[in-house]
Amino acid sequence: MKKVLILVTIFFLVAFKHPFYLSVTDLKYNTREKALQGSVKIFINDLESALKNINKKNTDLVNVKDTAEVTKQLTAYLKSHLYLKLNGKEKTFRLIGFEKEEEAIWIYLEFKNCELPKKLEINNTILFEYIKQQTNIVHLEVGSDKKSAKVSNPDKNLIFDF
């Protein structure tokens with residue numbers, strides 16, 4: 001019986017030793033403000049490692065000492081990994097802020113001056129250069145219409161039609 005318990009324990013340790021790599025982007029169209037607003041949720045340790053590879057220095061997203069510097073780094077990173085075309089026109093976001101939640105970081109974004117979305121094209125390569133098994137999920141809400149899609153490295157393009 002003891003051997004069976006050891007074998008089962010070893011099986012579960014081996015079967016579940018590989019963590020999952022995931023980011024989630026939530027965007028909602030705000031009709032009153034004519035803006036796409038939302039967030040990107042990323043595991044902190046993965047993002048810190050990616051930023052270290054790019055900036056050649058450690059970035060502590062748990063105990064932030066210089067909010068302006070971290071905001072600058074997060075903005076630069078996301079602008080090179082999250083592109084959006086709204087009805088055929090490229091849009092850029094403004095990073096509103098960020099906060100830590102357990103092992104993840106929430107980064108809040110806003111795309112201003114947006115007409116009502118009919119077609120959204122999103123290119124999402126968050127952490128692709130760092131993690132080959134990365135998957136990115138995008139949730140989009142326009143009025144009462146809610147859609148979701150995912151890309152797994154190396155795929156990167158999502159298209160939403162409303």
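A cavity is defined here as a set of grid points where a 1.4 Å probe fits but cannot get out. In this predicted model, one cavity of 30 Å³ or more was identified by that rule. The volume of the largest cavity is about 40 Å³. Its lining is formed by Thr 25, Leu 27, Leu 82, Tyr 83, Leu 84, Leu 109, Phe 111 and Ile 122. In terms of residue class, seven of the lining residues are nonpolar and one is polar, while charged residues are absent. Strands S1 (22–30), S3 (82–86) and S6 (104–111) each contribute at least two residues to the lining, and the largest share, three residues, is supplied by S3.

Phe 111, one of the residues lining the largest cavity, also takes part in an aromatic contact. The model contains one aromatic pair. The ring centres of Phe 93 and Phe 111 are 5.9 Å apart and the ring planes meet at 70°, so the arrangement is classed as edge-to-face, given that planes over 60 degrees apart fall in that class. The pair joins distant parts of the chain, with the two positions 18 residues apart in numbering: Phe 93 lies in the loop between strand S4 (89–91) and strand S5 (94–101), and Phe 111 lies in strand S6. Phe 93 has a relative accessibility of 5% and therefore counts as buried; Phe 111, with a relative accessible area of 1%, is likewise buried.

Phe 93 is further associated with a charged residue, as Lys 79 lies over the face of its ring at 5.4 Å from the ring centre. An arrangement of this kind is also found for Lys 147, which lies over the face of Phe 162 at 4.9 Å from the ring centre.

How values were computed: Residues are numbered from 1 along each chain as its sequence is written. This is a predicted model: local features need pLDDT of at least 70, side-chain atom pairs count only at pLDDT 80 or more; totals for chains, interfaces and linings use all residues. Side-chain values use heavy atoms; hydrogens and water are left out. On a 1 Å grid over the protein atoms alone, a cavity is a set of points where a 1.4 Å probe fits but cannot get out, and a pocket is an open set with protein on both sides within 12 Å along at least five of seven lines; lining residues have an atom within 4 Å of a point. Grid points are joined across faces, edges and corners, and a volume is the space filled by probe spheres set on the points. Helices (H or I, at least four residues) and strands (E, at least two) are DSSP runs, numbered from the N terminus. Ala, Val, Leu, Ile, Met, Phe, Trp, Tyr, Cys and Pro count as nonpolar, Asp, Glu, Lys and Arg as charged, and the others, Gly among them, as polar. Rings of Phe, Tyr and Trp (its six-membered ring) pair if their centres lie within 6.5 Å; planes under 30 degrees apart count as stacked, over 60 as edge-to-face and the rest as tilted. Buried means under 20% relative accessible area, exposed over 50%, partly exposed in between (1.4 Å probe, protein chains only). A charge sits over a ring if NZ of Lys or CZ of Arg is within 6 Å of the ring centre and within 35 degrees of the ring normal.
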